[in-house]
Every structure is written in C-alpha cells, then in structure tokens.
Amino acid sequence: MAHPAAAATAQAHQPLASTTQLELGIAAAPAAASPHQTLGFELGWDHAHHGITPPTAHLFAASPLRQGWLAGRATFGRRTLKASRHTRLWLQLRSHAWARGRSFETLELTPNYLQQIGTEHCPITRCTLDESTLSIDRVRDDAGYAAGNLATMSRGANAAKARHDWASASELAASLEQGPFKQVAGLAAAEWQRVAVLCSFVTELPHAQAALLPMHMLPPNRLRLFNPIQALQALVTRQLAKPGWSQRLARIEALLPDEAVKADFNRFVMALVPRVLNAGSLVLAHEIRWALEDAWSDALVQKRWARFALQLSPAQAEALVQRAAAKRLSTVHVQQHALPRATEGWALERRGFRAAA
C-alpha cells in the first residue's frame, strides 16, 4: 500500500565479471522525426529486442513502429532477450498508449512493476482473470500510464469504468440501489461502489469527505493513496487478514492521541471484527480480502468508523500510518512521498496525454 505516493526502489545491476567491455549500437529514428515517430521507432526496436512481433495494426509500411522493429531485427537477429508474460503485457500497454497519444512513464513502469500489480481476480467484479480477460486500467482518466495510477482488472470492468471518477461512480451506485434498474454497463450497485472507492484513492478529497467513505474495496498493490485517512483505514482493515490481529490492533490503539479517540477506535473494531469472523473459516487470500471488504457494507461499521476518523486530522492520520509502519504493525509494505513527487510522470498538466512536438 502506498499513500501520498510511492516510488519504486531502484535496483542496481552488477557489472559483468569480464574484462571485455560490451557495446551495443542502437539505431536511431531519422533526425527530422517527430516525437510520435521517435517513440514509435523505439517501441518497435524494443519489440525486436525481445523477439516479439508488433501488433498487425502497426505493420504497415509507413509505421515508425514497424521501421524500428525492422531495424532491431537487423541488429539483434536471433540474439534476443527472453520475453516474459509481463514483458509482453508491457509492450502491449506501451503500444496502446503510443497509438492514442497517451503519456507512458518508463522509469518506474516496467515489466517488473506490472508483475507486482498483477492479481488473479478482478477487484471490481471478483471474476477470475486470465490472459484473455485481464486488462490494465488507468485509475485516473486525466493521468497517463504511470506507476501509482494503474490497477489490474477485467476487460469488462475496465470498459464499464471508462471515464468515470469517484463522484460519477458513486452516483451510479446510489441510483442502482434505488432501482428499478439493476445494472449499468454490466456492473451492479456493489460493483459500482468498488469502482467509486478505487477512484477515490487517487483523488484528493476533503478530509471530512474521505473519512466517510466505506472501504468497499481494499487498495490494489502499488496504488498511490492520496487521502491519509484512507491509508489508515486500509491499514486497520488489513489487520484482520493475518493471525495476531488482536495484538496489532491493540498496539495501534496505543498510538492514538487520547482516551476518547482510543475508546471510539475500540468501538469501531468491536463492530468490524464480528462481521469478518462471521464469514467463516476462510483460507484463500482473495476470500479473506472479500470478507474484509464486504464487512464495510454494514451501517454500524461505517458509523463507528466515521465517528473515530473525524476526530483525526489528515496529519494525525498520516503520522499514525508512518508510526505503525515503523513499528512493523502494517501487514503490507508502506512507502511515502510528498507531493508533487506523488504524481511525477502522471502528465496531469496535459490530462494524461503525451507532450506535443
């Protein structure tokens, strides 16, 4: 879990154990090429470097992607890199972004990163994912493809979500709950609630508003949480996923500022715990996750959380997350960065599009 932003730790590569220095010549796009053509050429080159044929749609004669691919094939021949499933997905995602003029941040958004955000079940529909149904979604439509703004989900959920933000998704969920319609774009009310919560994570909301949102969906791995109270909410909820939760929650309670806040925190925990434990003896990680999320549909859980959370300031909530992480009370790794580092590479100033020439 990350909140107000997480940056991947750079991994140093060990030098070759040899006295021979290897040099690789990389072909360049024509000097007069536009930024779009240059990126396309580089993308084709990377396809060739991994021994992967680009999508058929980009193989017409004038395509800069095809030109880069042909240049790469002439250079590498059969001396290509092994392409993993996530490398293929990375190239597909880059091709998709390039063709649509979307910004794609390549420093942190690597095949390894895509592997880290992978999941076996769609967080929205909860269906099982495979290579034919899996897709990568930009959670904020006004941002580009960048670390912290991506989530893995089903193609159907991605298409339904489209350009919705947390507010419009919330309105759809509320409308469906009132009837008479049961679905919009193939998603029911509970699924639109998850879409809304997902979008809220990367939306800077007033603290009083963020504190009232039920956690119908736990944050996907490596998503950046912009609202400190939601980071605390996720940290506390996740405690019940692993044995020893009672002791960890007691230690988190001890970090709270005063007795009144501690009492309200304890009341919240006493409302949440039975609703998770009543789900039965769950073993599979995704079933435990769903039980935790479903517990937030209970009105008493929401009421007691709001009473507790509204007594904290954003700074207090953020400090609690930091202190809990430092004491290893978090069941997931927490990384933190201050704004504007949180959205570096998101291209928010261009609404997620690539810079013009």
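Start with the whole protein chain on display: residues 24 or more positions apart account for 67% of its contacts with a separation of 6 or more, a contact being heavy atoms within 4.5 Å. The model is a predicted one, in which local features need pLDDT of at least 70 and side-chain atom pairs count only at pLDDT 80 or more, while totals for chains, interfaces and linings use all residues. Residues are numbered from 1 along each chain as its sequence is written, and side-chain values use heavy atoms, with hydrogens and water left out.

Colour the chain by secondary structure, and 14 helices and six strands appear; helices (H or I, at least four residues) and strands (E, at least two) are DSSP runs, numbered from the N terminus. Of the 357 residues in the protein chain, 48% are buried, where buried means under 20% relative accessible area, exposed over 50%, and partly exposed in between, with a 1.4 Å probe and protein chains only.

**First stop: H1 and H2**

Select helix H1 (residues 35-49) together with helix H2 (residues 64-76), whose axes come within 6 Å and cross at roughly 40°. Such axes are lines fitted to C-alpha atoms, for helices over the stretch in contact, and the angles run from 0 to 180 degrees between N-to-C directions. That angle makes H1 oblique to H2, since angles under 35 degrees count as roughly parallel, over 145 as roughly antiparallel, 65 to 115 as roughly perpendicular and the rest as oblique. H1 passes H2 in a right-handed crossing; a crossing is right-handed if the near helix is turned clockwise from the far one by less than a right angle, and left-handed if anticlockwise. Among the residues that make the contact are Gln37, Phe41 and Trp45 of H1, and Pro64, Trp69 and Phe76 of H2. By class, this contact of H1 with H2 has nine nonpolar, nine polar and one charged residues, where Ala, Val, Leu, Ile, Met, Phe, Trp, Tyr, Cys and Pro count as nonpolar, Asp, Glu, Lys and Arg as charged, and the others, Gly among them, as polar.

Now pick out Gln37, which lies in H1 and, at 36% relative accessibility, counts as partly exposed. Leaving aside residues up to four places away in sequence, Gln37 touches Ala32 and Pro64. Gln37 and Ser63 are 26 residues apart in sequence, and their C-alpha atoms are 8.2 Å apart in space.

**Second stop: E2 and E3**

Move next to strand E2 (residues 134-138), which pairs with E3 in the antiparallel sense over five bridges; two strands pair if DSSP finds at least two bridges between them. Asp137 stands opposite Ala151 in E3. In strand E3 (residues 150-154) five of the five residues are buried, so the strand is largely enclosed by the rest of the structure.

**Third stop: H9**

Helix H9 (residues 228-238) is mostly covered, with 11 of its 11 residues buried. Those buried residues include Ile229, Gln233 and Arg238.

**Last stop: H11 and H12**

Finally, select helix H11 (residues 259-277) and helix H12 (residues 285-295), whose axes come within 9 Å and cross at roughly 135°. That makes H11 oblique to H12, and the crossing of H11 and H12 is right-handed. Leu272, Arg275 and Val276 in H11 meet Ala291, Leu292 and Ala295 in H12, and by class this contact has five nonpolar, no polar and one charged residues.

End on Ala291 in H12, which counts as buried at 9% relative accessibility. Ala291 and Arg275 are 16 residues apart along the chain, and their C-alpha atoms are separated by 8.2 Å.
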